[in-house]
Amino acid sequence: MKQLRCLRYGLLALFLLLPSSCKSAPTPGGPSTVTLKVFNWGDYIDPDVTALFTQETGIEVIYTMFEANEDMYTSIKASGDVSHDVVIPSDYMIRKMINEDMLRKIDMGNIPNHALIDDRFKNLAFDPQNEYSVPYMWGTVGIAYNTTMVEAPITSWTALWDEQYQKNIFMMDSVRDSLGVALKMLGYSMNTKNEAELQEAYNKLVEQKPLVLAYTGDEVKDKMIAGEAALAVVYAGDAITISDENPDIAYVIPQEGSNLFVDSMCILKTAENPEAAEAFINFMCSTPIATRNWEYINYSSPQKEVIAQMPEEFQNSPARNPSAEDLARCEVFEDLAQTTQYYEDLWTRLIGA
Amino acid sequence: MKVLKSAYSGLIFLFLYAPIVVLIAFSFNAAKSRGVWGGFSFRWYESLVQNAEILHALRNTVVVALLSAVIATVIGTAAALGMHHMRRGLSNFMLNVTYLPVLNPDIVTGISLLILYVFIGINLGFSSLLLAHITFNIPYVILSVSPRLRGMNRHIFEAALDLGAGPAQAFFKVIVPEILPGIVNGFLLAVTLSIDDFVISFFTAGPGVSTLSITVYSMARKGIKPEINALSSIMFVVVLLLLLTVNIRAGRDVRRRAQTHVRSRSPRALSSRER
Amino acid sequence: MNRRLRLTAVPYALYALIFIVAPLLLILYYSLTTGQGTALSLDNFRRFFDPRDTVYLRVLWRSLWIAGVSTAICFVLGYPMAYILSQMKERTRNIISFLFILPMWMNFLLRTYAWMTLLERTGLINTVLKSLGLPPQEIMYTAGAVVLGNVYNFLPFMILPIYTSLTKLDRNLIEASEDLGAGRAVTFFRVIFPLSFPGIMSGLTMTFMPAVTTFIISKLLGGGQNALIGDLIEKQFKVAGDWGFGSAMSVILMVLILLSMNALSRYEKENAGGGLM
């Protein structure tokens with residue numbers, strides 16, 4: 001017994017001896033310091049940026065990450081009124097959150113850098129008046145493939161159903177992205193509410209399941225760099241991260257068309273520090289910071305000056321700068337309203353199958 | 001036969017320690033990526049000290065563990081005492097309720113608390129995490145204090161009162177010394193369980209509040225930061241060294257210690273490793 | 001009996017009411033609700049047990065099957081180890097039993113993650129196999145990988161209780177058996193093995209329980225290809241937002257576990273005495 005006790009004390013002592021240079025837990029209503037809670041996708045910001053913001057403004061940032069829009073939404077719903085100030089969801093989720101009165105109108109007067117956002121990314125369907133969101137990053141969904149493992153360049157979603165790639169495919173562990181792939185391959189809209197079409201897409205995914213190696217999240221980047229599989233459905237920015245480390249990786253937006261997403265910064269209705277939130281959004285849109293984030297994340301930036309300073313070789317990369325032709329075949333996700341539950345049910349069944 | 005036995009034990013140990021060796025080896029890997037060996041380096045140990053995310057999680061883990069253990073020890077010890085002096089039927093009923101969080105799968109405990117918080121409107125955050133840890137710690141305190149009370153003379157409390165002690169004095173002077181080992185054991189068990197917990201914290205921690213386990217989990221999905229390997233290696237080596245020194249110093253009384261050791265770990269205490 | 005002392009249990013009674021009893025009642029309540037309307041119904045349970053669409057039942061079956069196989073392997077590997085351990089000199093076996101616990105001081109998620117590094121196609125095991133000219137093995141993202149993760153994480157829970165019950169054995173019984181002319185094998189199967197039953201029982205429970213309910217091991221090593229009931233529950237709460245269905249699955253899991261624990265402890269009381277704890 002004595003021995004075990006020593007063991008546990010030792011462990012405790014170790015914890016206590018470690019330097020506690022870390023920031024202390026947020027104390028609501030604490031003295032002078034203002035804290036800002038930011039909720040963003042995993043690996044979706046240059047890690048130094050929040051510290052730079054604190055340096056410049058004195059506002060402490062508490063930064064939390066989510067894995068998927070649905071995950072973020074459920075978490076905010078569950079954590080009640082004091083959750084976050086700034087969130088960075090995608091298009092369709094922003095619409096859903098506006099509909100459910102979860103977002104606060106942004107005072108664009110406080111965000112002079114909004115002028116630096118390219119017009120292509122203003123007045124989009126999910127926020128037609130630019131009242132609730134400021135675009136942060138955008139991109140497409142496509143296939144990253146290892147050129148040493150495929151015979152000819154991949155051009156179509158059907159490659160993901162090709163038996164020669166059995167157990168050589170990574171799909172996304174995300175309901176809309178994966179069902180979207182199947183819908184597009186079948187020639188349907190990614191926003192369909194037609195249950196027969198959805199059922200058909202679901203059947204396709206069930207048929208595909210034996211060929212799939214795993215349904216992954218962010219870890220797909222490490223796996224593709226290591227050469228674990230031939231094909232992976234990824235976001236364009238991740239394809240760039242992968243090919244930076246592994247030059248054998250190519251990216252394609254399949255001919256059937258795909259998803260174009262815009263992730264935008266929003267302020268929650270329940271935000272405790274809307275002013276700080278606006279300051280943060282403005283900061284993120286400034287050219288030096290937008291550049292840093294763009295360089296770190298590799299997703300496409302909607303910021304005009306960042307686009308303008310992009311090196312020439314990036315202009316023709318389908319991952320960094322998709323052609324107008326490619327973009328014309330892409331759809332932006334819409335909020336599915338009541339049909340969301342139907343999508344989720346299909347997805348739960350697919351994972352269970 | 002002897003060779004066979006040693007070989008078998010060796011294989012089992014190889015199985016148990018292979019991943020740990022890998023982890024420690026990679027904590028010295030100069031390359032960032034798993035699977036690539038970039039030469040020997042201490043860089044992750046250096047950057048560990050500056051990694052705010054990990055240190056924040058470490059701090060939370062320690063604070064939650066200590067606070068929840070202290071609170072659970074106070075409530076649990078009092079509860080054990082009260083239950084000891086109740087009618088049999090009532091105390092049995094309370095004991096059964098106490099067993100529920102011990103026997104229930106962690107995932108069920110986690111989501112049941114999540115539902116409770118949402119239902120009564122407690123915001124997920126640090127306090128929801130703390131309350132959850134207190135909840136799963138109390139039963140262990142009760143279960144380690146109760147046997148001590150059963151082994152105690154029932155009448156010494158009254159004897160103390162008869163001899164002129166006030167109730168508080170009688171409690172602290174007479175009862176506490178008798179059951180102290182049970183209290184200490186319950187407290188330490190609570191600390192250990194709390195540090196280990198993943199599943200319940202995963203469902204009950206609010207945004208911005210993460211423990212080491214939660215941090216490791218979110219990293220496992222997007223690539224483990226090598227600093228975590230460094231931290232775990234330090235913790236592992238410290239535990240190992242402590243163990244060795246204690247073992248070398250105390251050679252006698254081995255058998256009794258080994259037995260109490262194993263017994264002191266209830267199924268949950270052991271299975272908590274999984275969380 | 002002192003009346004005043006009884007009152008010290010009151011704070012806990014209140015606490016238990018709010019944080020133990022109420023949450024379980026709430027799960028039960030949620031399991032009877034669906035997203036629409038407030039009327040109670042058994043729809044969630046019907047959905048789970050739907051005979052025309054057995055996908056969820058198959059997940060439950062898979063969870064039980066994978067946990068069963070993992071537990072069986074733990075037993076086959078663990079019993080000999082516990083036996084070898086119990087026959088060692090006291091000092092040695094004390095050190096060695098500590099060595100079994102030591103790995104558990106490292107975060108279990110990290111250790112599971114380390115298995116990824118070992119098992120992947122480009123992982124260490126396959127690299128070694130390749131350099132030896134042997135064919136690479138597909139382990140990662142299979143049911144086998146999940147079983148391996150379970151065995152790895154829960155093997156010590158099998159070894160330790162069996163080891164304890166073996167060391168507590170009355171040596172005289174073994175000597176008596178040998179004096180009466182029984183061979184080593186007979187002594188083992190007729191005396192030692194039956195007497196270690198309480199240890200075996202708690203070993204089985206302590207490995208089977210967490211293996212049925214895990215969702216991390218299947219997520220990290222199974223890659224969504226071998227989803228267990230825990231994965232589905234986690235998904236309903238964390239992503240899909242269908243708390244009713246998630247609660248229903250939790251209720252099913254809870255009933256399953258509590259019933260089997262109850263059966264086991266009854267069995268134990270009849271046979272060897274002493275509860276599971």
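In this predicted model, B:Ser41 is in contact with B:Phe28 and B:Ala30, leaving aside its neighbours within four places in sequence. B:Ser41 lies in the loop between H1 and helix H2 (43-48) of chain B. There are 14 other C-beta atoms within 10 Å of B:Ser41, so this residue is partly exposed; a buried residue would need 20 or more, and an exposed one would have 12 or fewer. B:Ser41 and B:Ala80 are 39 residues apart along the chain, and their C-alpha atoms are separated by 52 Å.

## The three chains

The table gives secondary structure and burial for each chain.

| Chain | Helices | Strands | Residues | Buried residues |
|---|---|---|---|---|
| Chain A | 14 helices | 10 strands | 353 residues | 50% |
| Chain B | 13 helices | 0 strands | 275 residues | 52% |
| Chain C | 14 helices | 0 strands | 277 residues | 48% |

Read along the sequence, chain B follows the pattern α-α-α-α-α-α-α-α-α-α-α-α-α. For chain C the pattern is α-α-α-α-α-α-α-α-α-α-α-α-α-α. The C-alpha trace of chain C spans about 75 × 75 × 35 Å along its principal axes.

Contacts within each chain can also be sorted by sequence separation. In chain A, 77% of the contacts between residues at least 6 apart in sequence join residues at least 24 apart. In chain B, 78% of the contacts between residues at least 6 apart join residues at least 24 apart. In chain C, residues 24 or more positions apart account for 68% of the contacts with a separation of 6 or more.

## The contact of chain B with chain C

Chain B contributes 77 residues to its contact with chain C, and chain C contributes 82 residues. On the side of chain B that touches chain C, helix H1 (residues 2-27) of chain B gives the most, with 13 residues. By class, this side of chain B has 54 nonpolar, 15 polar and 8 charged residues.

One helix pair across the two chains is described here. Helix H6 (residues 126-150) of chain B packs against helix H2 (residues 10-31) of chain C at an angle of about 115°, and their axes are 11 Å apart. The crossing of H6(B) and H2(C) is left-handed. From H6(B), the residues B:Leu131, B:Thr135 and B:Ile138 meet C:Tyr12, C:Tyr15, C:Phe19 and C:Ile20 in H2(C). The contact of H6(B) with H2(C) divides into 6 nonpolar residues, 1 polar residue and no charged residues.

## The domains of chain A

The domain assignment divides chain A into domain 1 (32-138 + 261-314) and domain 2 (139-260 + 322-352). Their C-alpha centres lie 26 Å apart. In the contact between them, 21 residues of domain 1 of chain A meet 15 residues of domain 2 of chain A. On the side of domain 1 that touches domain 2, at least two residues each come from helix H4 (91-99), S5 and strand S10 (260-268) of chain A. H4(A) supplies the largest share of that side, 5 residues. The residues on this side of domain 1 comprise 10 nonpolar, 5 polar and 6 charged.

## Strand S8 of chain A

Strand S8 (residues 231-235) of chain A is largely enclosed by the rest of the structure, because 5 of its 5 residues are buried. In a regular strand, side chains alternate between the two faces of the sheet. Both faces of S8(A) are covered: A:Leu231, A:Val233 and A:Tyr235 are buried on one side, and A:Ala232 and A:Val234 are buried on the other.

S8(A) pairs with strand S5 (residues 133-146) of chain A and with strand S6 (residues 169-172) of chain A. The pairing of S5(A) with S8(A) is antiparallel and has 5 bridges. Within this structure, A:Ile143 stands opposite A:Val233 in S8(A). The pairing of S6(A) with S8(A) is parallel, over 2 bridges. A:Ile169 has A:Leu231 in S8(A) as its bridge partner. The two S8(A) residues named in these bridges, A:Val233 and A:Leu231, are both buried and lie on one side of the strand.

Note on methods
Residues are numbered from 1 along each chain as its sequence is written. Chains are lettered from A and ligands numbered from 1 in the order in which they are written. This is a predicted model: local features need pLDDT of at least 70, side-chain atom pairs count only at pLDDT 80 or more; totals for chains, interfaces and linings use all residues. Helices (H or I, at least four residues) and strands (E, at least two) are DSSP runs, numbered from the N terminus. Two strands pair if DSSP finds at least two bridges between them. Two residues are in contact if their C-beta atoms, placed from the backbone, lie within 7 Å. Ala, Val, Leu, Ile, Met, Phe, Trp, Tyr, Cys and Pro count as nonpolar, Asp, Glu, Lys and Arg as charged, and the others, Gly among them, as polar. Axes are lines fitted to C-alpha atoms, for helices over the stretch in contact, and angles run from 0 to 180 degrees between N-to-C directions. A crossing is left-handed if the near helix is turned anticlockwise from the far one by less than a right angle, and right-handed if clockwise. Domain bounds come from an automatic or database domain assignment.
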